[in-house]
Amino acid sequence: MEAIAAIGRGTLGTVQTLGNAGLFILYALWAAVTPPYRFKRVIAEIEFIGAKSFLIIFVTALFTGMVLALQGYYTLSKFGAQGVLGSAVALSIIRELGPVLCALMVTGRAGSAITAEIGIMKITDQVPALEMMAIEPIKFIVSPKIIAALISLPLLTAFFDLVGILGGYLVGVLMLGVNEGSFFGEMIRATEFADIYGGLIKAVAFGFLISWISCFIGYNAKATTEGVSSATTNAVVMTSLSILVIDYVITSVLL
Amino acid sequence: MIRVENLNNKFGHITTANNVSCHFEEKKVTVLLGGSGSGKSTLLKQMVGLGRPDSGSIMFDGKDITSLGRKEIYELRKKMGMLFQGSALFNSLNIFENIAFPLREHTSLSDSVIKTIIKIKLEMVGLRGVEHMMPSQLSGGMTKRVGLARAIVLDPKVVFYDEPTSGLDPIASGVIDKLILDLNKKLGVTSIVVSHDIESAFRIADKIMILFYGNLIAEGTPEEIKNSSDPKVRQFVEGSPDGPIPFTLTDKDFIEDILID
Ligand SMILES: Nc1ncnc2c1ncn2[C@@H]1O[C@H](COP(=O)(O)OP(=O)(O)O)[C@@H](O)[C@H]1O
Ligand SMILES: [Mg+2]
């Protein structure tokens with residue numbers, strides 16, 4: 001009896017949290033599209049979420065492309081099909097690894113920082129201080145981050161794809177000696193617009209998830225230092241898991 | 001100016017206001033005294049609409065804050081300033097931008113006018129020259145003064161202070177006391193101060209109220225409070241651990257508590 005009641009309470013709690021998270025994002029989006037607009041805040045957030053992620057994305061993408069070429073070459077050479085290495089590298093990156101790894105890196109770098117920032121604003125009374133100055137905190141703090149993430153993630157993912165392919169080229173063509181013509185020829189022949197488009201849809205969806213979850217958890221962190229630190233951990237774990245699940249869902253819908 | 005009527009509020013089993021009624025007079029300094037956890041900050045937040053009480057009303061300029069919508073509350077807030085317990089400066093902005101923030105948000109003043117206003121406000125709190133520093137570089141007393149400059153930048157009619165002197169050394173406390181009095185006497189700002197600092201209350205208050213775990217137990221001028229014969233008030237004023245105000249929170253008998261366990 002106790003156990004059933006506990007499960008019931010747990011379920012109710014989860015449903016309630018999901019409901020609150022839904023209302024939260026609806027309000028933030030509505031606030032984003034109604035004046036006064038906060039272009040400056042959006043630009044500042046794009047700089048933080050997007051521009052400052054370039055280096056980490058560059059390194060991640062380069063090594064991902066390089067290891068893909070190495071692994072791909074090993075597998076393909078068993079069938080004597082090294083010629084298609086270019087398309088194998090490009091398709092794995094554009095369709096799958098680009099958006100997912102990019103989103104996971106941004107989660108670790110910017111998502112955690114967003115949760116911590118909002119949590120700290122809460123425990124130091126900066127959120128009520130905004131209220132006292134007659135400024136809606138969600139519109140001021142959260143909405144610009146959501147818009148910035150929606151813009152930044154597709155751009156970062158496109159950059160990831162480019163650098164990843166460059167990494168594949170370095171290892172595949174320059175190191176392992178795959179013919180340059182067939183590397184790029186196969187790549188161009190096999191990659192369709194739908195692949196690129198699908199990858200970018202994922203990127204937008206992940207940008208949405210990262211900003212939504214990090215902001216929501218930060219905004220609802222318990223107003224103590226422990227509350228903020230556990231919120232930061234939770235946000236990273238929740239966002240990463242959601243990215244992997246949603247990635248599967250989008251892939252299965254797009255295929 | 002602000003009239004609280006039959007206010008009740010509980011968080012779970014903690015009562016922060018038990019049928020509280022009181023009046024905060026215009027252009028006066030009223031200090032709400034009470035031990036920590038007695039519900040002072042909660043009452044202050046409810047007076048500015050940052051949280052709703054369970055029941056009762058809070059009349060401000062003829063409007064009941066507890067039943068206003070967001071838009072109307074935001075309109076009223078432009079007449080209010082608040083100095084938070086931890087100053088609540090935006091840690092990502094420098095001192096200048098912190099104080100300029102309400103001006104940039106709510107006025108269309110030019111940069112040069114904003115610059116002048118900020119010089120004036122910083123001069124008022126005795127801190128001209130710190131414009132380009134970040135909040136983390138200032139001492140506790142200085143951040144409170146910057147918080148005060150920001151709270152008064154739109155020339156509010158009422159300023160709310162949450163524990164303005166807590167955590168400050170006696171000299172810094174004295175400076176804050178003087179600033180509160182200056183604002184009140186020179187500009188006629190209605191001042192509502194929540195505090196547990198009795199010395200400071202006696203220095204600045206026109207009227208003192210004492211809140212004890214949600215109950216308003218005394219109200220009067222500093223003289224009246226000093227000379228009160230009410231044992232609870234005496235204990236509070238003298239700061240003695242023994243008296244009608246219990247040292248422990250539970251009202252269970254100690255001996256019984258031990259024996260039963
Ligand atoms: N939002 C809240 N939710 C639950 N309990 C709260 C909340 N705010 C304050 N409390 C509790 O109410 C009591 C009074 O708090 P507060 O008004 O901050 O007291 P004071 O400012 O006099 O120290 C404390 O026990 C505090 O833990
Ligand atoms: Mg308090």
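The exercises below cover the fold of chain A, a sheet in chain B, and the empty spaces in a predicted model.

Residues are numbered from 1 along each chain as its sequence is written, and chains are lettered from A in the order in which they are written. In this predicted model local features need pLDDT of at least 70, side-chain atom pairs count only at pLDDT 80 or more, and totals for chains, interfaces and linings use all residues, while side-chain values use heavy atoms, without hydrogens and water.

**Exercise 1.** Describe the secondary structure and burial of chain A.

Solution. Step 1: take helices as DSSP runs of H or I with at least four residues and strands as runs of E with at least two, numbered from the N terminus. Step 2: on that basis chain A has nine helices and zero strands. Step 3: of its 255 residues, 45% count as buried, that is, under 20% relative accessible area with a 1.4 Å probe and protein chains only.

**Exercise 2.** Find the strand order of the open sheet in chain B and the helix that packs on the sheet.

Solution. Step 1: strands pair if DSSP finds at least two bridges between them. Step 2: four strands of chain B line up as β2-β1-β4-β5, with antiparallel pairing. Step 3: β2 (14-24) and β5 (63-64) of chain B are the edge strands, each pairing on one side only. Step 4: helix α1 (residues 40-47) of chain B packs on the sheet and touches β1, β2 and β4 of chain B, contact being heavy atoms within 4.5 Å. Step 5: inside the sheet, five bridges join β1 (residues 2-11) to β4 (residues 55-60) of chain B, and B:Glu5 stands opposite B:Ser57 in β4(B).

**Exercise 3.** State which elements line the largest cavity, and give the makeup of that lining.

Solution. Step 1: on a 1 Å grid over the protein atoms alone, a cavity is a set of points where a 1.4 Å probe fits but cannot get out, and lining residues have an atom within 4 Å of a point. Step 2: the largest cavity holds about 200 Å³ of space, the volume being the space filled by probe spheres set on the points, which are joined across faces, edges and corners. Step 3: among the residues closest to its centre are A:Met133 and B:Met80. Step 4: α5 (126-132) of chain A and β6 (80-83), α3 and α5 (140-151) of chain B each supply at least two lining residues. Step 5: β6(B) has the largest share, four residues. Step 6: the lining divides into 13 nonpolar, four polar and three charged residues.

Notes:
Axes fitted to C-alpha atoms, helices over the stretch in contact; angles between N-to-C directions. Buried < 20%, exposed > 50% of the residue type's maximum accessible area, 1.4 Å probe, protein only. 1 Å grid on protein atoms, 1.4 Å probe; cavity = no way out; pocket = protein on both sides within 12 Å on 5 of 7 lines; lining within 4 Å. Nonpolar A, V, L, I, M, F, W, Y, C, P; charged D, E, K, R; others polar.
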